[in-house]
Every structure is written in C-alpha cells, then in structure tokens.
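Subject: Structure for your review

Dear colleague,

Please find the structure below, together with its sequence. My notes on what was found in it follow.

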Amino acid sequence: SEIQTLTLSNVIDLALKNNISLSLAEKDVKIADAQYLQSMSDLFVPSASLSGSYTILDPKTVDNGNIISPNYELVVTNMPVIGGGGGFVPVPMYIPTSITTNQQVFQDNYSIGLTVTKPLFTGFKLWNSTKIKKMNLDIVKQKYEDKKREVITSISTSFYNVLLIRENIRLVEDLDRSLKERWNYAERSYKAGIVSEYDKIRAEVAYKNNQPNLIKVKNAFLTAKVAFFNQIGIKEIDDFELVGNILDSTNITIEISLTEAIQLAISNDIDLKSIDFSIESLKITKEITSANRYPTVAAFFNYKYDYKKEKTMDSERKWLDSWNIGLQLSVPIDSWIPMTKTYSAENEIEENIKKLELTKQQLKDAITLKVKNTYLQIEQSKELINSQSESVRQAKLGLDIANRRYRAGAASSLELTDAEVSYNQAQLNYLQAIYEYFSNVLQLKKMTGGIDF
C-alpha cells in the first residue's frame with residue numbers, strides 16, 4: 001500500500017481528535033454546562049405541575065353521601081267535633097306523598113389541576129448554588145484546555161523522540177558500514193602481508209561489537225514508533241512515515257526570564273486553579289449553610305377544574321373552575337441556637353479552607369522549584385549543545401587526520417576505528433543534547449501556558 005507521510009502538525013491533529021482522555025475532558029465540560037443550566041432554571045423558573053384525576057366510588061359511599069328528603073302534599077281532612085253535638089270541621093294537613101333523593105356524591109369524579117410554586121427568598125441558597133455551578137463550569141473548561149496542552153506536549157516530545165532514534169539508527173548504520181569496510185580491508189591487507197593478524201582481529205572485534213548496538217537501537221525505534229502511533233490512534237504503523245528533522249526542534253525557544261516563568265507557571269497551573277475553586281466553593285457553601293438561619297418565602301398558585309354541581313340544589317353537574325394564590329413564610333428557630341448543626345458545619349468548612357490554604361502554599365513552592373529546575377536544565381542543555389557541537393567538530397577533525405595517516409601508512413586500523421567510533425558517539429551525544437533541550441523547553445512552555453493549539 002502507499003505510504004502516507006505525517007508531519008508534527010498532522011500527528012497533533014490526530015492526537016487531539018483520537019485521545020480518549022481529552023474526549024472525557026470534553027464530556028466533563030458538557031456535563032458541567034448542563035448542571036449550570038439546571039441551576040439557572042432552579043433560580044429563575046418556577047415549578048409547575050399539571051394533574052388530573054378520575055375517581056370511582058363504591059355504591060355504599062355514594063348512597064351515604066346523598067340527601068334523602070320526603071315530599072309533602074296539603075290535604076283537607078274533616079275532623080269530628082268533640083262535644084259539639086257531632087259534626088265535622090275541615091282541617092288542612094301536610095302528609096308525605098313521595099321521597100326525593102338529592103344526589104351530592106357521585107360514583108364517577110373528574111378533576112384537572114395546575115399548581116405553580118416559586119421560592120422568592122431562600123437566604124440566597126439558590127443564587128450561591130448557581131455561582132458554584134458557574135465556577136465549576138469555568139474550572140472544567142480550564143482543565144480541558146490544560147489537557148489539550150498536555151496532549152500536545154506529549155505528542156511533540158514523542159514525535160521528536162522517534163526522529164532522534166531514527167537518526168541514531170542512521171549513525172550506527174554508517175558506523176557499521178565503515179567498520180565492515182575496515183574489517184574487509186584488514187583481511188585483504190593481512191593476506192597481502194601488509195598488516196598484522198592483531199590488526200585484522202581488532203577490526204573484526206570492533207565490527208562485531210557494534211552489532212548489538214545496532215540491534216538495540218532498531219528495537220528501540222520499533223518500540224517507540226508503536227507507542228507513538230498508539231498515542232495518535234493509528235494501528236497500521238507500516239502505512240505511515242513520520243516527516244521531520246530532529247534539528248527542527250532547536251527552533252523552539254523560551255524568551256522569558258525565570259521570574260516571569262515562575263509567575264506564569266503559578267497562574268496557569270491547573271492544580272492551583274482547582275484549589276482556588278475548592279476554597280471559593282467552600283466559602284460559598286458556608287454562606288449556604290449560614291442561610292439556614294434566614295426565613296424563606298415562597299409563592300404559590302393553584303387552579304382546579306372539577307366536574308361537579310355548582311350549587312347544592314342543582315340537578316346536573318358541569319365543569320367548574322376554582323383557584324387560590326398566596327405566600328408561605330417559614331422561619332427557622334433551631335439554627336440560631338449555639339452548638340447546633342449549623343454552627344458545627346460552619347466550623348468544619350473554616351478548617352477545610354485553612355487546610356486548603358496550606359496545601360496551596362505547598363503546591364506553589366513545588367511549582368517554583370520545578371520551574372527553577374527546568375529553567376536550569378534548559379540553560380545546561382544550551383551549554384551542552386554548544387560543547388557537543390564542538391566535540392563533533394573535533395571528532396570529525398580527528399577522523400580526517402586518522403584517515404590521512406592511515407592512507408599514508410602512519411596509523412593502524414585500530415586508530416582509525418577509534419576515531420570513527422569517537423566521531424559517531426559525538427554525533428549521538430549532540431543529537432541527545434538537542435532532544436533534551438527541546439523536551440525541557442516544551443515542558444516549560446506547558447507550565448507557563450505557552451503551548452499554542
């Protein structure tokens with residue numbers, strides 16, 4: 001298959017896209033945003049509920065709830081006159097003639113209702129809870145950005161590490177070819193009687209001693225390449241090739257003083273920001289706890305729609321509405337009593353704040369020390385690059401002299417081999433110094449927030 005090339009910017013884009021830790025941090029941002037919106041809803045949006053009911057009563061309950069009344073009719077009755085010589089007197093009387101049932105309770109009952117409630121004052125509990133959610137959203141976003149810087153730093157360092165090992169392979173292979181040629185030349189010269197058997201053996205030993213180094217550096221390259229491509233989410237490593245030069249890393253520099261670096265590192269450290277968030281959250285939590293002493297006021301509104309009689313004497317039911325509105329005040333008493341739960345909770349929060357303040361100072365000291373060490377390592381790496389560059393120049397000069405002496409017959413193959421090995425090692429040390437300088441600069445940039453993405 002066709003080999004695809006990847007530059008540093010390519011692998012950074014892939015890593016930002018495929019890194020699981022970064023994806024989790026992005027999910028945390030979305031979760032924190034949803035929690036903040038929920039808190040805002042609790043603060044400004046009233047609670048509303050719509051209810052409906054359908055009830056069937058047993059016949060006995062219905063009968064017991066109905067009003068039964070007799071119906072009377074006026075009747076004129078002839079009553080005999082007592083002691084009046086017999087005769088009759090008409091007397092009007094009301095006598096029950098029928099029974100009427102006034103139904104007040106029905107077997108089927110229907111009702112629809114709407115209830116709206118809204119706390120008006122809760123001692124600023126809802127407001128403070130919303131502040132905590134907003135602060136949490138901010139710190140989660142900063143953690144996400146810090147995770148991106150961490151991924152970029154790690155990928156960039158690993159990228160140049162693979163290039164470094166690949167360059168080491170080239171140097172060791174160059175040395176291997178030279179030692180192989182030296183051995184072949186020594187064998188031919190020995191057969192011709194030009195060099196001693198000792199020189200031939202030393203040339204062979206020098207070549208074979210380099211073989212384990214070549215195997216080790218190739219294995220190290222394969223291991224580093226597999227680990228790197230796994231970081232950026234690529235499984236088929238043979239289909240891709242990294243494009244770049246280890247010397248390109250020298251273009252990355254730090255142009256701030258040690259004092260500025262310490263200040264930036266302290267202001268950008270995500271752990272310090274998390275502690276500040278925890279301290280501020282505890283302070284707000286204390287205010288929420290103290291709010292237990294304040295009265296709470298809530299407003300409510302109820303609206304109902306029932307299927308019932310409008311008046312007791314009505315014979316038919318119909319849908320009738322009703323509503324009520326009001327305020328509810330609740331005044332706590334126990335929270336004002338000393339040695340209660342509220343006082344103890346406030347004391348606990350105060351001690352936790354003091355503990356975090358100590359942790360914060362301890363972390364600041366650790367960051368300061370880390371920045372100083374990294375800054376010192378950068379300066380040492382600069383000096384090491386200069387010294388190793390001079391070593392490469394001197395080793396190359398020594399190799400050129402050894403070659404001239406060897407061709408003139410004034411030096412043995414052993415001297416030439418030693419010069420080649422020294423030149424090769426000087427180049428390896430020079431490249432390693434460049435990589436260490438780059439790694440330290442990149443680490444300082446991450447701490448100071450100077451990683452661009």
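Does Arg293 count as buried or exposed? The model is a predicted one, and in it Arg293 counts as buried, because its relative accessibility is 11% and the limit for that class is under 20%.

**Salt bridges**

Arg293 is a suitable place to begin. Its side chain meets that of Glu346 in a salt bridge, with an N to O distance of 2.9 Å. The two residues belong to distant parts of the chain, 53 residues apart: Arg293 sits in the loop between H7 and E7, and Glu346 in helix H8. Glu346 is likewise buried, since its relative accessible area is 10% and the class requires a value under 20%. This link is one of 21 salt bridges that the structure holds. As to the principle, side chains of opposite charge can pair when their charged atoms come close.

Two further pairs lie within single helices. In helix H5, Lys208 and Glu204 are four residues apart, about one turn of the helix, and their side chains form a salt bridge of 2.8 Å, N to O. Lys208 is partly exposed, with a relative accessible area of 45%. In helix H8, Glu379 and Lys382 are three residues apart, again about one turn. Their closest N and O atoms are 3.7 Å apart, and the pair forms a salt bridge, because the distance falls within the 4 Å cut-off. Glu379 is partly exposed at 33% relative accessible area, and Lys382 is also partly exposed, at 34% relative accessibility.

Salt bridges also link Glu167, Arg170, Asp174 and Arg177 in a network.

**Pockets**

The largest pocket encloses about 310 Å³ of space. It is lined by 18 residues, and those closest to its centre are Leu175, Asn210, Asn213, Val421 and Asn424. Helix H4 (125–191), helix H5 (197–231) and helix H9 (413–448) are the elements that give two or more residues to this lining. By character, the lining of the largest pocket divides into nine nonpolar, seven polar and two charged residues.

The second largest pocket has a volume of about 260 Å³. Of the 16 residues that line it, Asp269, Ile270, Lys370, Lys446 and Met447 lie nearest its centre. At least two lining residues come from each of H4, helix H6 (258–268), helix H7 (270–290), helix H8 (341–407) and H9. Helix H8 gives the most to this lining, with four residues. The lining of the second largest pocket consists of six nonpolar, three polar and seven charged residues.

**Nonpolar surface patch**

Which residues make the nonpolar surface patch of about 830 Å²? They are Leu50, Ile112, Leu114, Tyr303, Tyr305, Trp319, Trp323 and Ile325. Strand E5 (108–121), strand E7 (296–308) and strand E8 (318–330) are the elements that give two or more residues to the patch. Strand E8 gives the most, with three residues. Tyr303, one of the patch residues, lies in strand E7 and is partly exposed, with a relative accessible area of 30%.

With kind regards

Methods: Residues numbered from 1 in each chain as written. Predicted model: local features only at pLDDT ≥ 70, side-chain atom pairs only at ≥ 80, totals over all residues. Heavy atoms only, no water. Patch = residues over 30% accessible without salt bridge, like charges linked within 9 Å, V, L, I, M, F, W, Y side chains within 5 Å. Areas by Shrake-Rupley, 256 points an atom, 1.4 Å probe, with all protein chains shown as cover. Buried < 20%, exposed > 50% of the residue type's maximum accessible area, 1.4 Å probe, protein only. 1 Å grid on protein atoms, 1.4 Å probe; cavity = no way out; pocket = protein on both sides within 12 Å on 5 of 7 lines; lining within 4 Å. Points joined across faces, edges and corners; volume = space filled by probe spheres on them. Nonpolar A, V, L, I, M, F, W, Y, C, P; charged D, E, K, R; others polar.
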